[in-house]
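Thanks for coming, everyone. I'll put the structure up and walk through it briefly.

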Amino acid sequence: MNGEFSSALTFSAGTVLVCAVTVVGLSSIRTVIRVVAVQGVALGLVAMVLGVQHRDAGLVATAVVVIVLKGVAIPLLLVRAGGAGAPARERRPLVNIPASLVASATLIVLAFVTTRGVARFVGTSAGALVPVGVATLLIGFFVLVTRRRPVFQIVGLLMVDNGIALVAFLCTAGVPFLIELGVSLDVLLGVVVLMVLTRRLRTEFGDVDLDELQELHD
Amino acid sequence: MEIASIFSPVYDAERFGIQLEASPRHADGLLVTGPVTRNMADPLRRTFEALPEPRVVIAVGDCARDCGVFRGAYGVEGAVADVAACACGLAVASHVLATGEVASFHTDRLLPLSGLSLGLDRFGVLFVAVTAVVGMCAMVYRLGYHGHGLSSRTASGILPLFVTALLLVPTASNVTTFLFLWELMAVTSLLLVLADHRRRLEVQVAGQWYAVMTQFGAATILVGLVLLSTRSGSQSFAAIAAATPHLPASVRSVAFVLVVIGFGSKAGAVPLHVWLPRAHSEASGPVSALMSAAMVNMGVYGIVRVGDGLLHGGPAWWWLLVMTVGALSALFGSLHSATSGDLKRLLAYSTTDNIGLVLLGVGASGLFASTGHRTLALVALIAALLHVVFHAVFKGSLFLSASSIQQATGTRDLDRLGGLLRRMPFTGTIFLVGGLAMAALPLLCGFVSEWLLLQSMLHGLPSTDPTIAVAMPIGVAVLALTGGLAAFTLVKAFGIGFLGLPRSESAAFAREVGPTMWCGAGVLAALCLVLGVAPFLVIPAVTDAARSVAGYRTASPLTGGWQVGLSGVHDVLAPGLLAVVLVTAVGLVALVRWRFQPGAVRNSEAWGCGRELQTARMEYTATSFGEPLTRVFDDVLTPSHDVDISHVAESRYYVEAATFHSSLDDAFERHVYGPAARGLRHWGAIARVVPNGSVHRYLAFGMVALVVVLVVVA
C-alpha cells in the first residue's frame with residue numbers, strides 16, 4: 001500500500017515539473033494555459049494522495065480547493081482575459097525557446113544539488129521530492145523574467161506559487177487548511193488584478209509589451 | 001484712538017476721500033487694528049458679513065495680521081511650558097548638587113527591550129544645570145522674539161521637546177536610552193533649524209549639511225557604543241564601565257575613535273565642523289543660542305563620559321588625537337571668526353574655537369593621566385569643564401544679543417551695521433560683556449577657565465615624559481594664539497557693529513528690542529560678570545563632576561575661597577581682588593579727571609584734516625579690518641575676490657559701475673567635502689543606471705538573489 005502511495009506521489013509531483021518544463025517550451029498562449037491547468041490539478045493530486053495516506057480530512061479539503069482554483073477557475077479566467085483581440089503567441093521572448101529549455105535543465109540540476117540537505121533532513125519518501133518543488137519554483141521565476149506577454153507573467157507567477165505549495169505539502173504533510181485557502185485566494189486575487197491591469201493597458205496603449213512600460217520610470 | 005485722530009482736523013483724512021462710516025452697510029472696507037480675541041471674533045465676523053460687496057479688509061500692524069507676539073496665545077503657552085521644563089531640570093540639578101545623591105529612574109514601558117533608564121550623577125548634573133540656565137534665558141528671550149519661522153505652530157511645539165531632550169541626554173544611563181534621546185535631540189534641532197525653510201534657500205542648504213553630519217555622527221556613536229555594550233554583555237553604563245578593563249585593547253581603541261568622531265561632529269570639532277557655522281547662523285535666535293551654548297556641550301559630555309567614565313582612560317595616543325583635534329578646531333575656528341563679516345557666523349566659528357579649547361583640556365587631562373600625573377590630569381579636566389560652563393554662559397548671551405540685532409536691523413552683515421550702541425544700549429552692553437568674556441579678559445568668566453587650562457599645561461612642562469614635553473608647549477601656543485585672535489574678533493565685532501556711524505538705513509533706524517529679550521540675554525551677561533569675579537560659586541560643582549566621572553579619589557587640587565590656585569604651587573588667581581583693584585583704579589582716574597579738569601569746554605576742530613564731514617564710508621568695515629589677517633592666512637582661509645566693472649558705452653576710460661564681491665570659503669568644505677560630495681554624486685549616477693525601469697530586470701534581480709541564497713545555504 002505504501003509503495004502505491006509513493007509511486008502515485010512521485011507521478012503527480014513529476015507531472016508538476018513536466019508541466020513547468022512544457023510551459024518553457026511553448027509559445028502558444030492557449031496551450032500554455034491548458035498546461036498550467038494540468039499542473040494545478042497535479043498539485044491538487046499531490047495533496048490528495050498525502051491526505052489519503054495520512055487520513056487527514058483537512059488536507060483532502062485543501063486538495064479539492066487547489067484543484068478547483070488552480071485547475072479550473074484561474075485557467076478559465078486566463079482564457080477569458082486572452083479572449084478578444086489578444087495575440088495568440090509569445091513572439092519574441094527575451095531568451096529564445098531552445099536556450100530557455102537548456103536553462104530550465106540547469107535550474108533543475110541546481111535545485112537538486114542545493115536542496116539535497118533539505119530532502120535528507122525531511123527523511124520521508126515525500127521529502128525526497130522537495131527538489132521537484134524548488135525546481136518548479138525556479139522555472140516559474142525564469143518564465144517571469146524572460147517572457148514579455150502579461151499572460152506569461154501570470155503563468156510564471158502561478159508556477160512559482162505551485163512550486164512553493166508543493167514544497168510545503170511535501171515537507172510538512174500539508175499546511176493548515178486555512179492558510180492554504182488564504183494563499184490560494186491571494187493568488188486568485190493577484191491574477192484578477194493583473195488581468196484587469198492587462199486589459200486596461202491594452203485599451204490604453206494597444207498591444208502590450210511589458211518592456212514598453214520602461215518609459216514610465218522616473 | 002489713532003484712527004479717531006486721523007479724522008480729526010489735524011490730519012483730516014477726509015480730504016483724501018476716506019470717510020468713517022457709522023454703519024458697516026455703507027462702508028467700503030473694514031479696518032482691523034488689534035489681535036482678534038475670542039470675544040471679538042463673533043462681532044467681527046458679523047460686521048464683515050454686513051459689509052457690501054466688494055469687501056476689503058485692511059489689517060493694521062503686526063498684531064492684527066498674525067497676532068504678533070500674542071499669536072494665538074499658543075506661543076505664550078509654549079514658552080511657559082519650556083520655562084517650566086527648564087525650571088524642573090534646574091530644580092533636580094540643584095537638589096543633586098546640594099545633596100550629592102544620585103537620582104535615578106527606570107521604566108520598562110517606554111523603550112522596548114531595554115527600558116528607559118535615567119540616572120543623574122555628579123558629572124551629568126553639571127550639563128543639566130548649564131542647559132537649564134541657558135534654556136530658561138533663551139525661553140524668556142523667546143517671548144519677545146518673532147520671525148525666522150519660530151512662531152509657526154510646529155516650531156512652537158518642537159522647541160519644548162528639544163529643550164527636554166537636551167536636559168535628558170546627560171541623564172541617560174543605558175545605551176538604548178542614550179541613543180534614543182540623542183536622536184530626539186538631533187531631529188528636533190534639525191526641525192528647528194529648518195523652521196524658516198520656505199522663505200530662504202540658505203536654510204535648506206544649512207539643513208541638508210546639518211542632517212548629513214548629525215546622522216553621520218549618530219551612526220558612528222551607535223556603532224561605538226553598541227560595540228562596547230555587546231563586548232561587555234550589558235547595555236547599562238555602569239556594567240559597561242565595570243567590564244571595559246577586561247576588553248582587548250583593540251576593541252577599546254576602535255570604540256573610542258568611533259565615539260570621538262561621532263561626538264566630535266556634534267561638538268563642531270574640525271574637520272567635522274562644517275554644519276555648525278551654517279546651522280547656527282541660520283537658526284532662529286533662541287534656537288541658535290541653545291544649540292551653541294547647550295547642544296555642542298553634549299559632544300564634550302559624550303567624549304568625557306566614554307573616554308574617562310566608561311573606558312577609564314587609555315593609551316597616550318588617544319588623548320593626543322583629542323588634543324590635535326582640539327588644537328586644530330581652536331586655531332581654525334578663531335581664524336575664521338576673526339575674519340568673518342557675518343555676525344552669527346562669527347559667533348558660530350567662535351564656538352568651534354572654544355570647543356577646541358575644551359577638547360585641548362580634555363586631551364591634556366587624558367595625556368597626564370596616562371603618564372601618571374593624576375593631579376595635573378584632574379586640574380586640566382576641571383579647567384575644560386569650567387570652560388564648558390563659561391562658554392555656555394557667554395556664548396548664550398552673545399547669540400541672543402546678535403539675534404536681537406538681526407531682529408532690529410534685519411541684517412547680520414557687520415559691514416551694514418554700526419553705531420548700534422547708542423541706539424540699542426542694553427543689547428550693546430550685553431554684547432560687550434559677552435564678547436569680553438569670549439576674549440578671555442580678566443574679571444569675566446572666560447579668563448578664569450583659560451587661565452586654569454594654561455596653568456595645568458604649563459605645570460606639565462617639567463615632565464620628563466617626551467610626549468608631554470612636546471605636546472604641552474604646542475598646546476600653550478595654541479591657547480595664546482586663539483586668545484589673541486578672540487580679542488581681535490571682539491574688537492572687530494563690537495567696534496564695527498556698535499561704534500562709529502551706521503553704515504546702512506536699517507542700522508540707522510534700529511530700535512532697542514523689548515525688555516524680555518534683553519533681559520533674557522542680560523541674565524547670562526550678568527552671570528559672565530558674577531562668575532568671573534566669584535568663580536568659587538561653580539568650581540566645587542565642577543570639581544565634583546570631574547572627580548566623579550574619572551573616579552579620582554584625590555582631594556581637590558584647587559584652593560578655594562576668593563582665590564583660585566593650585567595647591568602646592570604659588571600661582572594664585574584672585575579675581576575678586578583683581579576686581580576691587582580695577583574698580584578702585586578706574587574710580588581714582590575718574591575722580592582725578594573730574595577734580596582737575598576745568599568745566600566742560602568742547603573743542604571743535606580748527607583743522608579737521610578733511611574729517612569734518614565724517615561719513616560711514618570713511619570708516620573701517622569688518623572686511624577691511626580683517627583684511628591683514630586674511631592676507632596672512634590666505635592658504636587656510638582661501639579668500640576669493642571678484643571685481644566686476646562695467647564701462648560707459650562711449651568710452652572705456654569711464655566706469656559706469658563697479659561691483660565687488662569677496663567671500664571666505666571654508667578650506668575643509670572646499671578641499672574635503674567638495675570632492676567627497678562629487679564622488680558620491682558620481683557613484684549615485686552610476687547606481688541609477690542599474691534600475692532602469694524594466695520589469696524583467698527587477699524580476700531577474702529577485703531570481704538571482706534567490707539562486708544565490710540557495711547556493712550559499714546549501
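In which helix of chain B is B:Met139 found? The answer is helix H5. Before going on, please note that this is a predicted model. B:Met139 has 0% relative accessibility, so it counts as buried, the cut-off being under 20%. Now look across the sequence. B:Met139 and B:Gly520 sit 381 residues apart along the chain. In space, their C-alpha atoms are 7.6 Å apart.

Stay on helix H5, which spans residues 124–144 of chain B. B:Thr131 lies there too. Is B:Thr131 buried or exposed? It counts as buried, because its relative accessibility is 0%. Setting aside neighbours within four places in sequence, B:Thr131 is in contact with four residues to look at: B:Leu166, B:Leu167, B:Ala294 and B:Met298.

Next, helix H14 of chain B. B:Gly356 is found in this helix. B:Gly356 is buried as well, since its relative accessible area is 0%. Its contacts beyond four places in sequence are B:Gly326, B:Ala327, B:Ser329 and B:Ala330. There is also a pairing with B:Ala269 to point out. B:Gly356 and B:Ala269 are 87 residues apart in sequence, yet 6.4 Å apart from C-alpha to C-alpha.

On to the cores. In soluble globular proteins, nonpolar side chains tend to be buried together. Here, the largest nonpolar core holds 163 residues. Which of them touch the most other members? They are B:Phe178 and B:Met291. Helix H15 of chain B, residues 374–409, supplies the largest share of this core, with 22 residues. A second core, separate from that one, has 64 residues. Among them are A:Val36, A:Val49, A:Val132 and A:Val155.

Zoom in on B:Phe178. Not counting residues up to four places away, B:Phe178 touches B:Val169, B:Ala172, B:Ile221, B:Leu225, B:Phe237, B:Phe263 and B:Tyr301.

Now the largest pocket. Its volume is about 1100 Å³. The lining is made of 36 residues. Nearest the centre lie B:Gly341, B:Asp413, B:Asp415, B:Thr623 and B:Ser662. By class, we have eight nonpolar, 15 polar and 13 charged residues in that lining. Which element gives the most? H24(B) does, with six residues. Several elements of chain B each supply at least two lining residues, including helix H8 (201–232), helix H13 (316–339), strand E8 (639–647) and strand E9 (655–664). Helix H14 (343–370), the home of B:Gly356, is also one of those elements.

Finally, chain A. It has eight helices and zero strands. From the N terminus, the elements therefore read α-α-α-α-α-α-α-α, helices being DSSP runs numbered in that direction. Chain A has 218 residues, and 49% of them count as buried. What about the range of its contacts? Take those between residues at least 6 apart in sequence: 77% join residues at least 24 apart.

One last residue in chain A. Where does A:Ser28 lie? A:Ser28 is in the loop between helix H1 (2–25) and helix H2 (29–54). This loop residue counts as buried, because its relative accessibility is 17% and the cut-off is under 20%. The side chains of A:Ser28 and A:Thr31 are joined by a polar contact of 2.8 Å. Beyond its neighbours within four places in sequence, A:Ser28 is in contact with A:Ala88 and A:Arg89.

That's the tour. Over to you.

Terms used. Residues numbered from 1 in each chain as written. Chains lettered and ligands numbered in written order. Predicted model: local features only at pLDDT ≥ 70, side-chain atom pairs only at ≥ 80, totals over all residues. Heavy atoms only, no water. Helix = DSSP H or I, 4+ residues; strand = E, 2+ residues; numbered from the N terminus. Buried < 20%, exposed > 50% of the residue type's maximum accessible area, 1.4 Å probe, protein only. Polar contact = N/O pair within 3.5 Å; in protein donor to acceptor, adjacent residues only side chain to side chain. Contact = heavy atoms within 4.5 Å. Core = buried A, V, L, I, M, F, W, Y, C linked by side-chain atoms within 4.5 Å. 1 Å grid on protein atoms, 1.4 Å probe; cavity = no way out; pocket = protein on both sides within 12 Å on 5 of 7 lines; lining within 4 Å. Points joined across faces, edges and corners; volume = space filled by probe spheres on them. Nonpolar A, V, L, I, M, F, W, Y, C, P; charged D, E, K, R; others polar.
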